[in-house]
Amino acid sequence: MASGAKSELFETMPVPRALVRMAIPTIISQLINLIYNMADTWFIGRAGNPFMVAASSLVLTVFLMAGALGNLFGVGGGSLVVRLLGAGDREEARRTASWTLTVSCIAAAVFSLLCLLLMDPLLRLLGASDNTIGYARQYLIFVVVIGGLANVTNTTMSFLIRNVGYSREAAFGLSMGGLLNIVLDPLFMFVLLPDGYQVMGAGIATMLSNFATLVYYLRIYRSIRKDSVLDIPRRIEKIRPESRRNIFSIGVPAALSVFLFDLTNIVINRLSASHGDLELAAVGIVQKVERLPLNIGIGICLGMIPLIAYNYASGNFSRMKEFFRAARIAGLAVAAVSVLLYYVFADRLIALFINNEATVRLGTQFLRARCFATPFMFLSFNMVNFMQAVNRGRESFWLAAIRQIGLNIPILFIMNAAFGMMGIVWTQAVADILNVIISYIIYGRVLRSILPREKEGPQSAGIHDTAGAGSTGRGGSSGSE
C-alpha cells in the first residue's frame, strides 16, 4: 500500500478533495508549460517574420514526438507502479520504477541521434519550405538533438513522481522549467544573439530550461527515496516479464496517442502549407492558443490517473468511478467556458502572437471554428486516460488509432478537398464528435467487465490483468492528446 499520508490520499480522502490535491499542481504545471511553449511563438512573432513562426510550429511536432517517448515509459511504468502499490507489491514497484527510468534514457539518446542524422529529410517531410527550413534547423538542433534526453527523462520522471503521490513536486519541476524558459527567451533571442537568430535563441532557452528541470528531478529522487519506491537507477533492474508486458501494453498506446496526434499535425501542416506559408503560420498559432483549455484538461486527467489506478488495483471500484465522474465534470466545465471566450476574443488572442495583419485575419477565422472541438477533444483523451489507468491496453490502443487514423486524418483529406483551408480547420470538431460516440460505446463494454467483479475484492482486478491488454500486450507493442 502507499505509505503514511499518501495512503489517505488514495484510499479515504473525499473524492473532490483528493482530485483537487492531485490535479491542481498538475494543472498549474501544464499551464506554465503552455505559457513557455506559447512564449516561444510570442517572442518569435515579435520579429514580424511569419516564416520563423511557421518553422517553430514545424519543429514542435518533433518535440512532441520526443514527448511521446516520455509518455511511453512515464504512463506505462507510472501506472504499473501505482497499481503495484495498490496491491501491496512494493518491491516490484521499486524495480519497475528504476527499469522504466533507465530504459527511457536509452530510448531518448537513440531518438536524438536519429534526428541529427535525418534532420533535413525529416523537416521536409514535416512541410518545411525553402523559406522555413533554415530557421527550423536552428530550433531542432537545440530543442531535440541536444535537449531531447532531458525532455524525455523529465516527462518520465514527472509521471513516476506524481503517481507515487508527490504531485506537487512533479508539478513544481515542470513549472520551474517553464518559468526559466520564459526568462531566458528574450535574453538569447534579442540580447545575446544577432538579428535573424531569434529561432535559435528560443531553442537554446528551451534546452537550458529542460536541463535545469532534470537537475531538480534528480534532487527530488534523492530526497524522497526513503519514503517512496523511487531512487536514481544504478543499473538496469530485472523485473518480471509480465511487468515489462504491462509497461508496453499501456505505454505504447500512450506514446501512440501522442505520435498519432503528431502525425495529424504533420498532415495539417502539409495541407495548410499547400495553401500558403501565411495559412501555415496562422494555423500554428491557433494550435498554440487552443492548448489552454486542453492543457487544463490534461492536468485534470493526469491527476485522475493514479487515483483511478490505485483504487482499481485495490478493488475499490465505486471510488474509482467517482474519480472518473468528477474529472469528467470538471473538464467539460473548463471546455464550455473556453468555447465562449475563444469565439468572442479570437482576433485579440491571435494578435498577441504576431502583428502581421493577414496572419491575424486568418488566425481569427481558424480559432473561431476550432474552438467548438474543445469539449469533444477533452472527452476523447479523458477516455484514453481512463483506459490506461485500469490497465486496458487494447482499448487504449484502439481509441488512439480510431481517433487519428480512422477519423481525423481521412476526414482532413476529405474536408480539404471539399472546403479548402476552412475544411482543415473544422475537421477536429467533426472527427472528435464521432470519436466520443465510439469511445463511450467501448467504455460501456469495459465497465460491464469490471462491475461483475466489484464484490470480489482486489484480487479480481489484478495487477497484470491481460483482459484489456490482449494481443498488444503479448506482442510487446501497443495512447494523450
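**Buried residues, aromatic rings and cores**

Mentor: L379 lies in helix α15, and in this predicted model L379 can serve as the starting point for several questions.

Trainee: Why is L379 called buried?

Mentor: Its relative accessible area is 11%, and the word buried applies under 20%, so L379 meets the criterion. Setting aside neighbours within four places in sequence, L379 is in contact with R328, L332, V436 and Y440.

Trainee: What separation is there between the C-alpha atoms of L379 and E322?

Mentor: These C-alpha atoms are separated by 16 Å, and the two residues are 57 places apart along the chain.

Trainee: Why is S439 described as buried?

Mentor: S439, which has its place in helix α17, has a relative accessible area of 1%, and because the limit is under 20%, the term buried holds for S439. When residues up to four places away in sequence are not counted, S439 touches M383 and L399.

Trainee: What makes the aromatic pair of F324 and F386 tilted?

Mentor: A pair of aromatic rings is described by the distance of the centres and the angle of the planes. For F324 and F386 the centres are 4.5 Å apart and the planes 35° apart; the distance falls within the 6.5 Å required of a pair, and the angle is neither under 30 degrees, as stacked would need, nor over 60, as edge-to-face would need, so tilted is the term that remains. F324 belongs to helix α13 (residues 317–351) and F386 to helix α15 (residues 374–389), so this pair ties together parts that are 62 residues apart in sequence. Both of these phenylalanines are buried.

Trainee: Why is the pair of F386 and Y443 called edge-to-face?

Mentor: Here the planes make an angle of 75°, with 5.4 Å from centre to centre, and because an angle over 60 degrees counts as edge-to-face, the label follows. This pair links distant parts of the chain, with F386 in helix α15 and Y443 in helix α17 (residues 421–450), 57 residues apart. Y443 is buried, as is F386. One aromatic cluster is formed by F324, F386, Y440 and Y443, and a search of the whole structure finds 13 aromatic pairs.

Trainee: How do you know that the charged end of R328 sits over the ring of F324?

Mentor: The charged end of R328 is 5.0 Å from the centre of that ring, which is within the 6 Å allowed, while the term also requires a position within 35 degrees of the ring normal. The charged end of R162 likewise sits over the ring of F159, at 5.3 Å from its centre.

Trainee: Which residues touch the most other members of the largest nonpolar core?

Mentor: Of its 94 residues, these are V62, V81, F111, L123, I161, L230 and F366, and helix α3 (residues 50–86) contributes the largest share of this core, 17 residues. Apart from it lies another core, of 51 residues, with M22, F381, M387 and V436 among them.

Trainee: How do you know that the radius of gyration of the protein chain agrees with a compact globule?

Mentor: A compact globule of 481 residues would have a radius of gyration near 23 Å, and the protein chain has 21 Å, so the two values agree. Buried residues make up 64% of the 481 residues, and the secondary structure comes to 19 helices and zero strands. The protein chain exposes about 17,300 Å², of which carbon and sulfur atoms supply 66%.

Conventions:
Residues numbered from 1 in each chain as written. Predicted model: local features only at pLDDT ≥ 70, side-chain atom pairs only at ≥ 80, totals over all residues. Heavy atoms only, no water. Core = buried A, V, L, I, M, F, W, Y, C linked by side-chain atoms within 4.5 Å. Buried < 20%, exposed > 50% of the residue type's maximum accessible area, 1.4 Å probe, protein only. Helix = DSSP H or I, 4+ residues; strand = E, 2+ residues; numbered from the N terminus. Phe/Tyr/Trp six-rings, centres within 6.5 Å; stacked < 30°, edge-to-face > 60°. Rg over C-alpha atoms; globule rule 2.2 N^0.38 Å. Areas by Shrake-Rupley, 256 points an atom, 1.4 Å probe, with all protein chains shown as cover. Contact = heavy atoms within 4.5 Å.
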